Amino acid sequence: MQKTPPPAAQAETRLADYTPPAFLVDDVALDFDINDAHTRVASRLTIRRNPESAAKDAPLVLDGQGQELLGVTVDGKKLSPGDYTLTGQALTIHAVPEHAVVAIESTNDPAANTALSGLYAAGPMLCTQCESEGFRRITYFPDRPDVQSRYRVTIHAARDRYPVLLANGNLIAAGEEDGGRHYAVWEDPFRKPCYLFALVAGRLDKVADRFVTRSGREVLLEIYTEPGRSSETGFAMAALKKAMRWDEERFGREYDLDRFMIVAVSFFNFGAMENKGLNIFNDARVLGRADTATDADIAFFERVVGHEYFHNWSGNRVTCRDWFQITLKEGLTVFREQEFVGDMNSPSQERLRAVATLRRAQFPEDAGAMAHPIRPASYQAVENFYTATVYNKGSEVIRMIQTLVGRDGFRKGLDLYFERHDGHSATCEDFVRAMEDANGADLGQFMRWYAQAGTPVLHVTSRYDAASREYALDVRQSCPPTPGQPTKEPFHMPLCVGLLDAQGNDMTGDLVLEVTQARETFVIREVAQKPIPSLLRGFSAPVRLEYAYDDSELLVLLARDSDGCNRWDAGQKLFTKYALAGEDLPAAFLAALRAVLLDKDMEAGAKAMTLTLPGEEELGLALIARGEQIDPVAVYEKRRKVVTSLAVALADDLWTTYRDIAAGLDEEASDGESRGRRSLKNLCLAYLHRAEPEKVAPLAAAAVSGTRNMTDKIAGLTLLVDGDSPLAAPALEAFAATFAASPAIMDKWLGVQAAQRRPGVLEKVEGLTGHPAFSLGNPNRVAALVGVFAANPYGFHAPDGSGYRFVLDVVERLDRLNPQAAARYAKPFLRWRDFDAGRQQRMRETLQRLAAVETLSVNVREVVSKALAADQ
Ligand code: TRP
Ligand code: ZN
């Protein structure tokens, strides 16, 4: 093995080192002068020493990157070079009085900003992204969320190129200026941290509506898009109004400004951003109709619009003290988003989706070299910690609190939290303390969820004593070691259980057992017969449950459990068992699946989820849990074998279901119910494609050319490409000819090809990097091609290591443009130790090559060095 020097150690920022800011900023006046070549920013900061700071004569340190400083004054007096120190990271002013007005002028170049952090050009417009630390790329400022200020923002620009000028809050003045220029003045009456600052300028189309809050205030709602796309805002506007009403009704939270704006931009590193009164969205998460977006895309619109809107309270009115507390706003807001989506659609299906997402995206993080608790104790690049752990496991932690204190108690605790901390920054302890104080609860041990990483395992065994009619559950909890945490203390968690009789009738309803010890026994009395336990109902804790069910018990649960999660999970357990064993499904399981397919009462979307096997990712984790290593291609083949056996066995019923739904489904309909039916229809078709490919291929080709519905087109294209059908090439060509001018639609076309489960997919993907539809400069294009490829076992995990080399080459090149995005594609390497010996060696060699690149960003360097660290 080649030798490379160990990567240079980078500084870790630690939670334990937190100190309050030396200075506070009460008022910020910003003046933006937008020109073709650059933007000049004049800022006027009204500052004072922080009485809470122990550093009584600390200098004023203002973060700043990537700008040119033109001048600084303090209380109107121009500073000379000896009065301050300027580095590539900060402007330090040595002697500053208790109170002062600091005025700074600087310039930056949005057109050259490929990192999409700070002020940047997003296609035809200029926009900002300041979370986490982008504001320092706009002006010199104490860029930390515990500094909260009132903002007044003036924007000047040429009217023809930038007719729309937006910032946070309320528009208070606008007018003409000489030379075809104009200006707008915005004022945000609420104090906010600088990461919630936003500005947008450009030629934009707009759709407007209004909402009357429960106290009778009228709010103007506006959605802005690039020219020509305003007809794709319908779902988002409807979702926004639903979210505003729902937050009033469910949590008593009312909107607080006169105006709420959403801007859809085509260059964005994440899904969306909750800037106060001016949310900025990745256009893929907000724009689309049935003929331009898939049902999966459309389902996201309501979810993400709700999520960002809910941040107005959980994140903006009460924000985070520091970036270790991201889960304080994100875990809580994901929880609120899931409750909203459930209430608007189907609560039980939304719960299944959330559980499946956690297992697919978060459990692997816990198994990797950057496993971290929902509140990390340290980081090198904070953007690397906007993870499924912080977001989705964070939401599960909030949900456990709700289970422990009850729905009403949770609402009381949340009210107290908002009342205590409104207008301030807070910590996770503050949140939990509000829950304790409102409920007289003790959540001391529960706080371990914020500090310990890893997926806990609950090993459960049971004993029934017919004489005493007692049923005992022995519960043992453990949690595997994670980097820096070799041993764990027991967690406090709710274990929701029910007991079924042999026919599947519920004998007990839901019982919530509070697990707190490494080992404990719970005795349930007056149990009339030996029960089948329904354990971890509702997925009441984010753990892996081990209980030695036999098939007959799982079949009863699958058919009869009153808990939707466990009905679904019984099927998942059986699928996993037979897939990993490489065996065909037994007749009794097939009969149960057939009953699900034909059930008259079950929602189509829930049927589709029940009939879908655990993904390759989850099956891989199941192997690790057994102490085996993963050969991802073999896992895929085993999964496919089960898919084929199901398809062959149920072909007639799959055809009937397919035809019934196809006959009655409107191609224009994209409501939740229609989306569920379409998903079941296309699942049937995908199964049938395994059993009877020659019969299905013409139907798939007809879907690509013969419908206007994008979901059906993509489903058809996927089957043709995956089956390597002779119909695939003409279908791809025709699709590209139709949609060449729509980059967001071409992303799906790239993704279908990158997902092809066949050897040789790498050559195709390499070829596509030269296609006009692809660009390394746009994160959505990279996600569509490279992100999808990195999840394809035949591509990424090709036995010769070519997939690893391709992805890390992309990381290296992308890192020079956009470090936040680049680091994302290094993350799959964090799990190299889980694979077979040959793959381990190739992944490690590829990582070492990247580690030897001296110019890596902090973001990529952190992932690479932690992947290679010896400490596991
Ligand atoms: N706060 C955003 C959310 O709603 C996440 C986000 C958007 C973000 N853009 C970002 C995080 C850039 C870090 C960097 O979840
Ligand atoms: Zn968020």
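The following exchange walks through a predicted model of a single chain, from its overall build to some of its individual residues.

Biologist: What radius of gyration does the chain have, and how does that value stand against a compact globule with 872 residues?

Modeller: Along its principal axes, the C-alpha trace spans about 85 × 70 × 65 Å. A compact globule with 872 residues would have a radius of gyration near 29 Å, and the chain agrees with that expectation, since its own value is 28 Å.

Biologist: How much of the chain is buried?

Modeller: The accessible surface comes to about 32,800 Å², and carbon and sulfur atoms hold 51% of that surface. Among contacts with a separation of 6 or more, 70% are between residues 24 or more positions apart. Of the 872 residues, the buried share is 59%.

Biologist: How many helices and strands are there, and in what order do the strands of the open five-stranded sheet stand?

Modeller: The chain contains 27 helices and 31 strands. Five of the strands form an open sheet with mixed pairing, and their order is β17-β18-β19-β21-β20.

Biologist: Which strands of that sheet stand at its edges?

Modeller: An edge strand here has a single partner strand, so one of its sides is left without a neighbour in the sheet. That is the situation of two strands, one spanning residues 205-212 and the other residues 272-273, namely β17 and β20.

Biologist: Which residue of β18 is the bridge partner of F211?

Modeller: Strand β17 runs antiparallel to β18, which covers residues 218-225, and eight bridges join the two. Within β18, the residue that partners F211 is V219.

Biologist: Which helices pack on this sheet, and what angles do their directions make with those of β17 and β21?

Modeller: Helix α1, residues 234-251, touches β17, β18 and β19, and its direction makes about 25° with that of β17. Helix α2, residues 295-310, touches β19, β20 and β21, and its direction makes, with that of β21, an angle of about 150°.

Biologist: Is R136 buried or exposed?

Modeller: R136 is found in the loop between β11 (125-129) and β12 (148-158). Leaving out residues up to four places away in sequence, R136 touches D63, G64, Q65, Q67 and D143. Its relative accessibility is 10%, and because buried means under 20%, R136 counts as buried.

Biologist: Where is the cis peptide bond that involves S132?

Modeller: S132 sits in the loop between β11 and β12. The bond has an omega of about -5°, and the two residues that it joins are E131 and S132.

Biologist: How far apart in space are S117 and S132, C-alpha to C-alpha?

Modeller: S117 is placed in the loop between β9 (99-108) and β10 (118-122), and with 7% relative accessibility it counts as buried. Apart from neighbours within four places in sequence, S117 is in contact with Q129, G134, R137 and Q820. S117 and S132 are 15 residues apart in sequence, while their C-alpha distance is 8.9 Å.

Biologist: How many disulfides does the structure hold, and why is C479 without a bond to C428?

Modeller: C479 is buried at 14% relative accessibility, and its sulfur is 18 Å from the closest cysteine sulfur, that of C428, which is too far for a bond. C496 is likewise in no disulfide, the nearest cysteine sulfur being that of C565 at 10.0 Å, and C496 is buried with a relative accessible area of 8%. For the structure, the number of disulfides is zero.

Biologist: What value does phi take in D75, and is that value positive or negative?

Modeller: D75 lies in the loop between β5 (68-74) and β6 (77-78), and with a relative accessible area of 46% it is partly exposed. In this residue, which is other than glycine, phi is positive, with a value near 50°.

Biologist: Is F539 buried or exposed, given that its phi is also positive?

Modeller: F539 is placed in the loop between β30 (532-535) and β31 (544-546), and its phi is near 50°, a positive value in a residue other than glycine. Its relative accessible area is 3%, and therefore F539 is buried.

Technical notes. Residues numbered from 1 in each chain as written. Chains lettered and ligands numbered in written order. Predicted model: local features only at pLDDT ≥ 70, side-chain atom pairs only at ≥ 80, totals over all residues. Heavy atoms only, no water. Pairing = 2+ DSSP bridges. Helix = DSSP H or I, 4+ residues; strand = E, 2+ residues; numbered from the N terminus. Contact = heavy atoms within 4.5 Å. Axes fitted to C-alpha atoms, helices over the stretch in contact; angles between N-to-C directions. Rg over C-alpha atoms; globule rule 2.2 N^0.38 Å. Buried < 20%, exposed > 50% of the residue type's maximum accessible area, 1.4 Å probe, protein only. Areas by Shrake-Rupley, 256 points an atom, 1.4 Å probe, with all protein chains shown as cover. Disulfide = S-S within 2.5 Å.
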